[in-house]
Amino acid sequence: MIRHIVHLRFKSGVARAEKELLYSDLANLSGHIGGIVDFQHRENISVETPLVRDFLDMFWFDFKDISVRDAYLVDSAHQAIGARIVEKLEGGADGVFVCDVEL
């Protein structure tokens, strides 16, 4: 299984409701792309502020395997949601950090 972890640095004016809508749209990909095992999102509550560098939000997908992760990456619905997210981030694409790990 592959966990695809995405850390986000939203612009200061982005409301919680806007974030929740984006997360809801991401969660709906589970019914669109076969092999998505789970989707979660959380706030970063670390007290190590200098190391957090304002990456205060995160989400992750658990994929059955690498082929599902790869299908997700090129999926047009995912790419459209990703573009909407990037528009809301501080520094655009510089406001996202992605990490994939094998579970």
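The structure holds 7 salt bridges (a side-chain nitrogen of Lys or Arg within 4 Å of a carboxyl oxygen of Asp or Glu). The model is predicted: local features need pLDDT of at least 70, side-chain atom pairs count only at pLDDT 80 or more, and totals for chains, interfaces and linings use all residues. Residues are numbered from 1 along each chain as its sequence is written, and side-chain values use heavy atoms, with hydrogens and water left out.

**Exercise 1.** State which elements the salt bridge of Arg3 and Asp62 links, and classify both residues by accessibility.

Solution.
- Step 1: the closest contact in this bridge, N to O, is 2.6 Å.
- Step 2: Arg3 belongs to strand S1 (residues 2-8) and Asp62 to strand S3 (residues 57-63), 59 residues apart. Strands (E, at least two residues) and helices (H or I, at least four) are DSSP runs, numbered from the N terminus.
- Step 3: buried means under 20% relative accessible area, exposed over 50%, and partly exposed in between (1.4 Å probe, protein chains only).
- Step 4: Arg3 has 25% relative accessibility, so Arg3 is partly exposed. Asp62 has 5%, so Asp62 is buried.

**Exercise 2.** Repeat the analysis for Glu43 and Arg16.

Solution.
- Step 1: the closest N and O atoms of this salt bridge are 2.3 Å apart.
- Step 2: Glu43 sits in strand S2 (residues 36-43) and Arg16 in helix H1 (residues 16-27), so the bridge ties together parts 27 residues apart in sequence.
- Step 3: Glu43 is partly exposed because its relative accessibility is 41%. Arg16, at 54%, is exposed.

**Exercise 3.** Describe the salt-bridge network that includes Arg69.

Solution.
- Step 1: Arg69 and Asp70 form a salt bridge whose closest N and O atoms are 2.7 Å apart.
- Step 2: the network links Arg69, Asp70 and Asp100.
- Step 3: Arg69 is buried at 16% relative accessible area, whereas Asp70 is partly exposed at 35%.

**Exercise 4.** Compare the radius of gyration of the protein with the globule rule.

Solution.
- Step 1: the radius is taken over C-alpha atoms, and the rule is 2.2 Å times the number of residues to the power 0.38.
- Step 2: for 103 residues, a compact globule would have a value near 13 Å; the protein has 13 Å, so the two agree.
- Step 3: the C-alpha trace spans about 35 × 25 × 20 Å along its principal axes.
- Step 4: of the 103 residues, 34% count as buried.
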